[in-house]
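This report is for a reader meeting the structure for the first time. It takes up one strand residue, then a hairpin, two pockets and a few points along the backbone.

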Amino acid sequence: MTDIWTKDILDKVVAWLEAAYPVEGCGLILENDGEYRVLECENLADKYHQMDPEQFPRTAREFYIIDPMEFMRAEDRGERVAVVFHSHADVGDYFSDEDVNAATLPRDSDDEPLEPSHPGVDYLVVSTREDGADHATLFRFDEEEEGFPSVLEIEIEDGEYELSTVTS
């Protein structure tokens, strides 16, 4: 799991998300033949909100939408989406109900099991504040738990990262 989390990758993710503050930034980490790269994506939440505020009541301050075509373009280039990342501005790096909804297939009722919309893809949430990013947590779908427990925590301080694996 840690091969992906180089200082270069983390620097790019954090810089992009800090630049987005005070709204949520987002992007993808793509893999091809064991090499990873960061794809910075536009957060489309405000555009969707302007077009249809009833269906999309949240703005980019508290929500993110990545163009679904980015997933198809990556596949066309022979790349695999390894991680979807986004920031939470001023509220911490938890995996929200909205995050779960975005990462799973629609269900007719809460009695149906959760199914990931992108199997094998992890989700990194980065906490951003006015003075920069301070923490990140990686979430991975667990079929037995039917949810997204945290699997990696990253302390961020002065451009340095301390990774710790979360054991259940």
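## A buried threonine in strand β4

Thr128 is a residue of strand β4, which covers residues 122–129. The model in which it is seen here is a predicted one, and this should be kept in mind throughout. Thr128 counts as buried because its relative accessibility is 0%, where the cut-off for buried is under 20%.

When residues up to four places away in sequence are left aside, Thr128 touches Leu17, Glu18 and Tyr21, then Ser87, His88, Ala89 and Asp90, and also Ala133. One of these contacts, His88, returns below among the residues closest to the centre of the second largest pocket, and another, Tyr21, is the residue from which a cis peptide bond leads to Pro22.

## The hairpin of β1 and β2

Strand β1, made of residues 26–32, pairs with strand β2, made of residues 35–41, in the antiparallel sense and over seven bridges. Within this pairing, Ile29 has Val38 of β2 as its bridge partner. The two strands form a hairpin, with two residues between them.

Asp33 is placed in the loop between β1 and β2, and its phi, near 55°, is positive although the residue is not glycine. Asp33 counts as exposed because its relative accessibility is 73%, while the cut-off for exposed is over 50%.

## The largest pocket

The largest pocket holds about 370 Å³ of space. It is lined by 15 residues, of which Tyr64, Ile65, Ile66, Pro68 and Ala102 are the closest to its centre. Helix α4, residues 97–103, gives the most to this lining, with three residues. Sorted by class, the lining of the largest pocket consists of 11 nonpolar residues, three polar ones and one that is charged.

## The second largest pocket

The volume of the second largest pocket is about 210 Å³. Its lining has 14 residues, and those closest to the centre of this pocket are Glu24, Arg58, Glu62, His88 and Tyr94. The elements that give two or more residues to this lining are β3, which runs over residues 80–89, and α4. Of these, α4 gives the most, with three residues.

How many residues of each class, nonpolar, polar and charged, are in the lining of the second largest pocket? There are six nonpolar, two polar and six charged residues, whereas the lining of the largest pocket has 11 nonpolar, three polar and one charged.

## Points along the backbone

The peptide bond that runs from Tyr21 to Pro22 is cis, and its omega is near 15°. Pro22 belongs to the loop between α1, residues 7–20, and β1.

Asp158 also has a positive phi, in this case near 50°, in a residue other than glycine. Its place is the loop that lies between β6, residues 150–157, and β7, residues 160–165. Is Asp158 buried or exposed? With a relative accessibility of 75%, Asp158 counts as exposed.

Pro57 is located in the loop between α2, residues 45–51, and α3, residues 69–76. Pro57 is exposed, its relative accessible area being 55%. Between the C-alpha atoms of Pro57 and Asp46 there is a separation of 9.5 Å, and these two residues are 11 residues apart along the chain.

Conventions. Residues are numbered from 1 along each chain as its sequence is written. This is a predicted model: local features need pLDDT of at least 70, side-chain atom pairs count only at pLDDT 80 or more; totals for chains, interfaces and linings use all residues. Side-chain values use heavy atoms; hydrogens and water are left out. Two strands pair if DSSP finds at least two bridges between them. Helices (H or I, at least four residues) and strands (E, at least two) are DSSP runs, numbered from the N terminus. Buried means under 20% relative accessible area, exposed over 50%, partly exposed in between (1.4 Å probe, protein chains only). Contact means heavy atoms within 4.5 Å. On a 1 Å grid over the protein atoms alone, a cavity is a set of points where a 1.4 Å probe fits but cannot get out, and a pocket is an open set with protein on both sides within 12 Å along at least five of seven lines; lining residues have an atom within 4 Å of a point. Grid points are joined across faces, edges and corners, and a volume is the space filled by probe spheres set on the points. Ala, Val, Leu, Ile, Met, Phe, Trp, Tyr, Cys and Pro count as nonpolar, Asp, Glu, Lys and Arg as charged, and the others, Gly among them, as polar.
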